[in-house]
Amino acid sequence: MQDKDTILPIQLSFMLYPTVMATGFLVLPALGSLYAPYDFWMSSILTMIPGAITIVLATSLHARFPGLTIIESGQRIVGKVFGKLVGLLYFFYFLHFTGVISREYAEFVKSSFLFDTPMLFVSCSLLVLAACAVRGGVNVLSKSAVIFAILSSLPLLFLLLLIPDLNWTYMLPMLSQGVVPVLKAAAVPQGWVSELFLMTFFLPYVKDQKKAKQSSYAALGVIGISMMLINLVVLMLLGPDTSNKMYPVLVAFRYMSVGGFFENLEALLLAMWVLGNLVKQSVCLYATVITFSQCFGVSDFRSFAFPIAILAAVFGLWDLPNIAALHTLIQKVSVFETPLFTIVIPLLLLLIAWMTGRRGTNQGGVNG
Amino acid sequence: MRTRYYSKVSASRSPRTRREMSEQEKQPLDLALTVNLERLQTVYTSCSDFIVRKFAIGGQMEAAVIYIDGMSDTNGIDKYVIAPLMNAEDAEGANLSQLAEKRIGVSDKRIVSTLGDCIGAISNGLPVLLRDQEAIGLACGLIKWEQRSIEEPAAESAIRGPREGFTETLRVNTSLLRRIIKSPLMKLETITLGEYTQTKVTIAYIEGLASASLLQEVRSRLGRIEIDGILESGYIEEMIEDTPRSPFPQLLSTERPDVVCASLLEGRAAILTEGSPYALIAPISLFTLLQSPEDYYQRFWVSTVIRWLRYFFAIMSLLLPSLYVAVLTYHQEMVPGSLLSSMATAREPVPFPALIEALMMEVTFEALREAGLRLPKQVGAAVSIVGALVIGQAAVQAGLVSAPMVIVVAITGIASFMIPRYITGIAIRMLRFPLIILAGTFGLLGIMMGIIAIVLHLCALKSFGMPFLHTIATPKFREMKDILIRAPWWALDTRPQLYDDQPVSHRQPVKQATGSGQEGES
């Protein structure tokens, strides 16, 4: 009665949604507002394009090499040595990436709630839980994602309570500076949305590939809509002041008052947001651990979950002395780094595979 | 106490006893009666309830009836076995089975041919008839022992629904099931477990509904049990669970035949144990533990609302004290101003931090609950007076505990009693304590950490291979109608798909009989 590791298509969407949104919705409005103070809400629509590209890349790579992740198919496409080299690059990228999101999480918690708790403790506590989820394998990961994704997106509905306080004139004048600022504002979020590429690690476990594709597009659509909702609410509430706030959504939640009774709901936001962040961190950690095990040909990835989680926490602290450095990294480096790994390299791999005509067999070693 | 007669006992396979005896048991019976009796005497040395009644068939052939006093019907033995045989004139030359056919007026007769069979029959209350010059014996189904009559289930009461509960006698329990599900497709497989107790355990299922792999798994897990004795189905439960270290029960234990039958009809399997009024049901999900049989007997609107209420309070019983501690200790700004001031006034004389206060009260409450449970009924009232007056009223007046904390503890207690399965309520209440400590140290964040750990554990948990968070964590919209709401019976037209590889099975088209009868549906 050993049941196989499978993911339902709908579980895939529930995993992908927090992977993008968990850290995204806190900082993205502020970063977008830097470039297009009145029009940054439009950038949400633009970011769906790179998101769609990553989905196409991930699914077509998987269609060519069924049952294989990008790390395994990379070794088939460019040969064992170069493939492993690419895998190693991915490993360090994912490791750093996991570290950065855990640092973002720790910064947020530390700056707004637990002022005196050591940063390392905050980031490690969630990473260890994420490692527990990773140890459970895709089964636990996908199941917990459903529950946590639903719970963590509930606060977005609370934003609708702000409707009476919104001032829609902040949206005007539209596109007063042309389209370029909007494009610039879309630069940062596109890095977030391209993280959808992490689905490459879960596609081998989905039975119905067609539905998997559909559900990832659905996830992308919901991501686009919720990003736009958040951007609009923040814009209409704070106006051009948005860029001065570190976490505009948090400010919006502080502003909230329902019937003079429910006030200061930001602790609730934090609580729910932790859940979304756990999904994100566990998905990223899973990608890191799987990349590691497939790169070095280790059959049992589970025993690496905890060491790599701690390593990731350290990567999040290295060379980032303060939150300003972190935001510079997100704003200036991640914008190029993420698309490199989620769009450029997969595209190159796909092109090489297409030109050399390499294909995977139908039988794929799922667990490396 | 009424006495019931049961003349049939299910075919039991030759029982296992201690290993040193097993060799001897395989021996076939001897031709000589004296040898057989001697062997049995040695097996049953110092057993004062072991009785051998020697007599002569037809006044010539030596024979003996062997039974255990108190487990067999002595009247019946006298009347239907010994008397007719003693008076038999045609006994000359007839063998035992021919004699039995003609003379013994007992419906259940079985041939026993080895010493082990003999012992098994005798220990189960079947008197064994042995005759000289014959290497076989005859076990007659004249069992009679004292047993409890069928009563209303004590731990699972319902306003509407059958009031019969299981008893300690396996055969009564299976008959209760058979009375509900008359189809011969309901199968009852019996095995014997326990080196010394030789407890009969029956697996009940409906052929065609229960998946073959589930039954295979149940059989193999039960077959692996090696234990001295089984006094309650709890022994079995712990031995066959997927994750015995989990605080959550992974098998449903119930003393209601209607619950067992409903589960069988959904394709689950039930395990009934001799000597225990609790049947085990597998596989289950978390939501099975939160459902009451009455949900299906009441109007569906009522059931739906009650289900929501139950889910809400189940979460409350887990989280309320820790939320209170977290909000009071770290997130005072979340409390509306007027409420905060009244809470602060109440807490002013209390010398303890909220965490200590909560732990103190919760532990006291658990102690009171346990004390009230174990005490004789007459003393139980005293406990509740002490609990309500001393712990509640006096502690608040003395300024040791704040009144809001008493309210929180009381609501938590009530909330946990709303969970229809007592044991599930306890599991949730136990998890409350680590959460309170986390809340007192890290506030809401700590509670979240605790919740994440619990949910991750639940996601990894399985009950006989079925995910414990079935239908929620692996979304199946077809089955939500029996989880999120309780859909009316005509809409519950599919059985739950317990395993992914199982095809969706439709119940017979359930149609609603229209009130006016004009539609002509029936």
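**Two sheets in chain B and a helical contact with chain A**

In chain B of this predicted model, B:K187 finds its bridge partner in strand β7(B), at B:Y205. That pair belongs to a longer run of bridges: strand β6 (residues 186-193) and strand β7 (residues 199-206) of chain B run antiparallel and are joined by eight of them. Between the two strands of this hairpin sit five residues, and B:G194 takes a positive phi near 95 degrees there.

The hairpin is part of something wider. Five strands of chain B make up an open, antiparallel sheet, in the order β6-β7-β9-β10-β8. At its edges stand β6 and β8 (252-254) of chain B; each has a single partner strand, so one side of each is left without a neighbour in the sheet. From one strand to the next, the twist averages 25 degrees. On to the pairing of β7(B) with strand β9 (residues 269-273) of chain B: these two are antiparallel as well, with four bridges between them. Here B:V201 has B:T273 of β9(B) as its bridge partner. Helix α6 (residues 170-180) of chain B packs on this sheet and touches β6, β7 and β9 of chain B, with its direction at about 10 degrees to that of β7(B).

Chain B has another sheet to look at. This one is also open and antiparallel, with five strands in the order β1-β2-β4-β5-β3 of chain B. Its edge strands are β1 (50-57) and β3 (109-112) of chain B, and because each has a single partner strand, one side of each has no neighbour in the sheet. Neighbouring strands are turned by 25 degrees against each other on average, direction ignored. Eight bridges tie β1(B) to the antiparallel strand β2 (residues 61-68) of chain B, and in β2(B) the bridge partner of B:K54 is B:A64. Two helices lie across this sheet. Helix α2 (residues 33-43) of chain B crosses β1, β2 and β4 (128-131) of chain B, at about 15 degrees to β2(B). Helix α5 (residues 115-123) of chain B lies across β2, β3, β4 and β5 (137-140) of chain B, at about 55 degrees to β2(B).

Zooming out, chain B is split into domain 1 (19-140), domain 2 (170-284) and domain 3 (296-466). Taken over C-alpha atoms, the centres of domain 1 and domain 2 of chain B are 33 Å apart. As for domain 3, the unreviewed UniProt entry annotates residues 308-330, 402-423 and 435-458 of chain B as "transmembrane region". Residues 308-330 of chain B are 96% helix and 0% strand, with 30 Å between the end C-alpha atoms. For residues 402-423 of chain B, the end C-alpha atoms also lie 30 Å apart, and the span is 77% helix and 0% strand.

Then there is the meeting of the two chains, a contact of 27 residues from chain A and 25 residues from chain B. On the chain A side, two or more residues each come from α1 (9-35), α5 (119-135), α6 (137-158) and α10 (266-295) of chain A, and α10(A) gives the most, with six residues. By class, that side has 19 nonpolar, five polar and three charged residues.

One helix pair spans the two chains: the axes of α5(A) and helix α16 (residues 422-460) of chain B come within 10 Å and cross at roughly 5 degrees. α5(A) and α16(B) are therefore roughly parallel to each other. A:S125, A:L129, A:C132 and A:A133 of α5(A) make the contact with B:M449, B:I452, B:A453 and B:L456 of α16(B). Seven residues of this contact are nonpolar, one is polar and none is charged.

Terms used:
Residues are numbered from 1 along each chain as its sequence is written. Chains are lettered from A and ligands numbered from 1 in the order in which they are written. This is a predicted model: local features need pLDDT of at least 70, side-chain atom pairs count only at pLDDT 80 or more; totals for chains, interfaces and linings use all residues. Two residues are in contact if their C-beta atoms, placed from the backbone, lie within 7 Å. Ala, Val, Leu, Ile, Met, Phe, Trp, Tyr, Cys and Pro count as nonpolar, Asp, Glu, Lys and Arg as charged, and the others, Gly among them, as polar. UniProt positions are given in the numbering used here, feature names are shortened, and annotations may be inferred rather than shown by experiment. Two strands pair if DSSP finds at least two bridges between them. Axes are lines fitted to C-alpha atoms, for helices over the stretch in contact, and angles run from 0 to 180 degrees between N-to-C directions. Domain bounds come from an automatic or database domain assignment. Angles under 35 degrees count as roughly parallel, over 145 as roughly antiparallel, 65 to 115 as roughly perpendicular and the rest as oblique.
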